[in-house]
Amino acid sequence: MVVNFDESEPGTCNNRELVEREPHRLLEGTAIAALAIGCETAYIYVRGEYLWQSIVLERAIAEAYADRYIGADVLGSGKRIDVELRRGAGAYICGEETALLNSL
């Protein structure tokens, strides 16, 4: 599964503030979606220019692994969800899904 946090369209910085303030909300939504579709690996694709947001997300991912909200045995459920942060190179085209997947 891929979460597009590239926001490369002009004026589409609506999720940046959410990630800065409450990054675990993004991770919770990612985990719920992954469980719903039976996916074990989720990639969060973050815009290359979002250095601070990448740091915030990396910390939140580490905390979620430590608290077992993601990882090998999510909250003792026997389900696995791994989340990996991937930083883009800042290409405008990555707002389009096939370009984003090729970039991954």
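Let's start with what packs onto helix α3: the cover over its buried residues includes β1 (2–5), α1 (16–21), α2 (23–37), β2 (41–46) and β3 (82–87). Keep in mind as you look around that this is a predicted model.

Which residues of α3 are buried? They are Gln53, Ser54, Val56, Leu57, Ala60, Ile61 and Ala64. These residues cover an arc of only 160° around the axis, so they sit on the same side of α3. The general geometry helps here: an α-helix has 3.6 residues a turn, so residues three or four places apart point the same way. Turn to the other side of α3 and you will find Arg59 and Ala66, which are exposed.

The length of the helix is worth a check too. Helix α3 runs over residues 51–66, and at 1.5 Å a residue its 16 residues should span 22 Å; the end C-alpha atoms are 23 Å apart, which agrees. Just after α3, Arg68 takes a positive phi of about 65°.

Now move to α2, one of the elements that cover the buried residues of α3. Helix α2 holds Thr30. Is Thr30 buried or exposed? Its relative accessible area is 3%, and because under 20% counts as buried, Thr30 is buried. Leaving aside residues up to four places away in sequence, Thr30 touches Met1, Val3, Ala42, Ile44 and Val83.

Finally, a look at the rings. A search of the whole structure finds zero aromatic pairs. Tyr50 does have a charged partner, though: Arg47 lies over the face of Tyr50, at 5.8 Å from the ring centre.

Key
Residues are numbered from 1 along each chain as its sequence is written. This is a predicted model: local features need pLDDT of at least 70, side-chain atom pairs count only at pLDDT 80 or more; totals for chains, interfaces and linings use all residues. Side-chain values use heavy atoms; hydrogens and water are left out. Helices (H or I, at least four residues) and strands (E, at least two) are DSSP runs, numbered from the N terminus. The expected span of a helix is 1.5 Å times one less than its number of residues. Buried means under 20% relative accessible area, exposed over 50%, partly exposed in between (1.4 Å probe, protein chains only). The arc is that of the directions from the helix axis to the C-beta atoms. Contact means heavy atoms within 4.5 Å. Rings of Phe, Tyr and Trp (its six-membered ring) pair if their centres lie within 6.5 Å; planes under 30 degrees apart count as stacked, over 60 as edge-to-face and the rest as tilted. A charge sits over a ring if NZ of Lys or CZ of Arg is within 6 Å of the ring centre and within 35 degrees of the ring normal.
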